[in-house]
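The following exercises concern one protein model. Each consists of a task and a solution that proceeds step by step.

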Amino acid sequence: MVIKEETKIRETKKFLESYSANKKLLGMMKYEKEYFSGDRCDDEATLIPCADEVLIKSKMFEVRRFIMNLEDGNEKLMLFYHYIRGLSVEKCAEMMDISRTSGFRLRRRAIERASRKRATRKFDHNE
């Protein structure tokens, strides 16, 4: 039971962390396009984005929507500022006027609750 819960928490954390990884990928694609003309799937006559870019943005949107659909509170704020805005837990704690240790506890609690929400499928993909 505990191992299964830890696995769910790890998967949820990985899901949330995918936002920043995808954000970095978009930045790299933009850099490649700007400096190396590397966007081979984009016709210069049209402004249709590359399929990879659309997929990356949709995955980012999914993470963002998941966080925004969580119950309002400090845990939601921590997840938003840490995973979406990319602030460190220390900076988030400072903004929320709590100690660094409380910030890490809050993040852990937020991930645990988010994990339970993902596991119970309360997050509706059709919202």
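**Exercise 1. State how much of the protein is buried, and describe its overall composition.**

Step 1. Of the 127 residues of the protein, 29% count as buried, where buried means under 20% relative accessible area, exposed over 50%, and partly exposed in between (1.4 Å probe, protein chains only). The exposed surface amounts to about 9,200 Å², of which carbon and sulfur atoms supply 52%; these areas come from the Shrake-Rupley method with a 1.4 Å probe, and for residues only the protein chains shown count as cover.

Step 2. The model is predicted: local features need pLDDT of at least 70, side-chain atom pairs count only at pLDDT 80 or more, and totals for chains, interfaces and linings use all residues. Residues are numbered from 1 along each chain as its sequence is written, and side-chain values use heavy atoms, with hydrogens and water left out.

Step 3. The average pLDDT (the predictor's confidence in each residue, from 0 to 100) is 85, and 83% of the residues score at least 70. Over residues 123-127 the pLDDT is below 50, and this stretch has nine contacts in the model beyond near neighbours in sequence; a contact means heavy atoms within 4.5 Å.

Step 4. The protein has five helices and zero strands, and along the sequence the pattern reads α-α-α-α-α. Helices (H or I, at least four residues) and strands (E, at least two) are DSSP runs, numbered from the N terminus. Among contacts with a separation of 6 or more, residues 24 or more positions apart account for 61%.

**Exercise 2. Determine the span of helix 1 and of helix 5, and locate the bend in helix 1.**

Step 1. The expected span of a helix is 1.5 Å times one less than its number of residues. Helix 1 (residues 2-36) has 35 residues and reaches 49 Å from its first C-alpha to its last, close to the expected 51 Å.

Step 2. Helix 5 has 20 residues and should span 28 Å; its end C-alpha atoms are 29 Å apart, which agrees.

Step 3. Helix 1 bends by about 30 degrees at serine 18, the bend being the angle between axes fitted to the seven residues ending at a residue and the seven starting there.

**Exercise 3. Which residues of helix 1 and helix 3 are buried, and what covers them?**

Step 1. Thr12, Phe15, Leu16, Tyr19, Asn22 and Leu26 are the buried residues in helix 1. Their cover includes helix 2 (51-68), helix 3 (74-84) and helix 5 (100-119).

Step 2. In helix 3, burial extends to Glu75, Lys76, Met78, Leu79, Phe80, His82, Tyr83 and Ile84. Because eight of its eleven residues are buried, helix 3 is largely enclosed by the rest of the structure. The cover here includes helix 1, helix 2, helix 4 and helix 5.

**Exercise 4. Characterise the largest nonpolar core, with attention to Leu16 and Val63.**

Step 1. A nonpolar core is a set of buried Ala, Val, Leu, Ile, Met, Phe, Trp, Tyr and Cys residues joined through side-chain atoms within 4.5 Å. The largest has 17 residues, among which Leu16, Val63, Phe66, Ile67, Leu79, Tyr83 and Ile84 touch the most other members. Helix 1, helix 2, helix 3 and helix 5 each give two or more residues to this core, and helix 2 gives the most, with five.

Step 2. Leucine 16 touches Val63, Phe66, Ile67, Leu79, Tyr83 and Ile111, not counting residues up to four places away in sequence.

Step 3. Valine 63 lies in helix 2 and is buried, with a relative accessible area of 0%. With the same sequence exclusion, valine 63 touches Phe15, Leu16, Ser18, Tyr19 and Ile84. Valine 63 and tyrosine 19 are 44 residues apart in sequence, yet 6.4 Å apart in space, C-alpha to C-alpha.

**Exercise 5. Is alanine 93 buried or exposed, and is aspartate 97 buried or exposed?**

Step 1. Alanine 93, found in helix 4 (residues 89-95), is buried, with a relative accessible area of 1%. Leaving aside residues up to four places away in sequence, alanine 93 touches Met78, Ile98, Ser99, Arg100 and Gly103.

Step 2. Aspartate 97 is found in the loop between helix 4 and helix 5 and is exposed, with a relative accessible area of 71%. Its phi is near 60 degrees, a positive value in a residue other than glycine. Most residues other than glycine have a negative phi.
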